[in-house]
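Q: I'd like a close look at one part of this protein, with the reasoning spelled out. Could you walk me through it once the structure is up?

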Amino acid sequence: MASSPVPVPVPGPSSAPMLADDCIGHEARAVAGDHIDLKIWLRLLACSTQIEQQISQRLRARFATTLPRFDYLAQLQRHPGGLRMNALSRYLMVTGGNITGLTDQLAKEGLVTRVDDPEDRRSWRVALTPKGRSDFAAMAAEHETWLTAMFAGLGATDKEQLYDQLGRLRVQLAGRQAEHQAGLPAAPAPPQLKPTASTGGRARQASAARPAPSRKPKTAP
């Protein structure tokens with residue numbers, strides 16, 4: 001017999017003891033017998049997804065933009081001198097191909113530009129244009145008011161404690177990830193292809209078919 005989903009209690013009047021089914025999100029996967037670590041993970045996922053969905057909807061409705069584009073511009077706003085593509089990929093935790101596509105779009109719209117890298121003249125960085133800084137400032141101001149409203153039900157102390165606990169969790173996760181990667185075996189070298197009789201014969205035939213290089217006759221002194 002399958003276990004029933006765990007009710008999700010929320011602070012509030014007794015008439016609303018739990019979240020509605022359409023708001024539970026990832027926590028609908030939790031059941032009564034699940035370990036607390038799993039429940040925490042699902043609750044984090046649910047909160048993150050819910051916030052992300054609301055921010056994405058408002059950015060799209062208010063500024064006709066997306067959350068990845070907003071995050072991209074936010075990183076450049078924090079680095080006035082610009083960032084290399086690999087740094088942007090690392091900060092945004094996306095692949096280089098995604099960064100290249102976003103850069104092309106935003107450059108076409110006049111929000112970012114490619115500039116010479118002062119540390120390596122063979123490379124370049126991406127930086128905000130004046131239009132990019134102005135557009136992002138307008139988005140960031142409203143973005144902050146949206147987040148403030150979403151967290152309005154938490155007191156200042158609750159927010160500080162939550163922020164501190166999540167920070168300690170991230171440090172622990174980073175340490176565990178480093179330990180895991182250090183214990184992984186090195187990737188095997190790709191196998192070397194050995195020439196077969198057929199390929200060797202074809203190579204000899206191709207060599208024999210090539211004309212010998214012409215040599216100029218030596219002139220008498």
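Let's start with one residue: is D104 buried, partly exposed or exposed, going by its relative accessibility? And please carry on from there to the salt bridges and the strands around that part.

A: Sure! One thing to keep in mind is that this is a predicted model. D104 counts as partly exposed, because its relative accessibility is 41%. That value falls between the cut-offs, as buried means under 20% and exposed means over 50%.

Now for its partner. The side chain of D104 meets that of R114 in a salt bridge, at 2.8 Å from N to O. D104 sits in helix α5 (residues 96-108) and R114 in strand β1, so this pair ties together parts that are 10 residues apart in sequence. R114 is partly exposed as well, with 38% relative accessibility. As for the general idea, side chains of opposite charge can pair when their charged atoms come close.

Next, follow R114 into its strand. Strand β1 covers residues 112-117 and pairs with strand β2, residues 120-128, in the antiparallel sense over six bridges. To get from β1 to β2, the chain goes through a hairpin of two residues. Across the pairing, D116 of the structure stands opposite W124 in β2. There's also a salt-bridge network here, linking D117 with R84 and R125.

Let's place that in the whole chain. There are eight helices and two strands, and from the N terminus the order is α-α-α-α-α-β-β-α-α-α. Altogether, the structure holds eight salt bridges.

Two others are worth comparing with the D104 pair. E142 forms a salt bridge with R62, with the closest N and O atoms 2.8 Å apart. E142 lies in helix α6 (residues 130-150) and R62 in helix α2 (residues 36-63), so this bridge ties together parts that are 80 residues apart in sequence. E142 counts as partly exposed at 22% relative accessibility, and R62 also counts as partly exposed, at 46%.

The other one stays inside a single helix: K131 and D135 meet in a salt bridge at 3.2 Å, N to O. They're four residues apart in helix α6, which means about one helical turn separates them. K131 is partly exposed, with a relative accessible area of 44%, and D135 is partly exposed too, at 29%.

Definitions and conventions
Residues are numbered from 1 along each chain as its sequence is written. This is a predicted model: local features need pLDDT of at least 70, side-chain atom pairs count only at pLDDT 80 or more; totals for chains, interfaces and linings use all residues. Side-chain values use heavy atoms; hydrogens and water are left out. Two strands pair if DSSP finds at least two bridges between them. A salt bridge is a side-chain nitrogen of Lys or Arg within 4 Å of a carboxyl oxygen of Asp or Glu. Buried means under 20% relative accessible area, exposed over 50%, partly exposed in between (1.4 Å probe, protein chains only).
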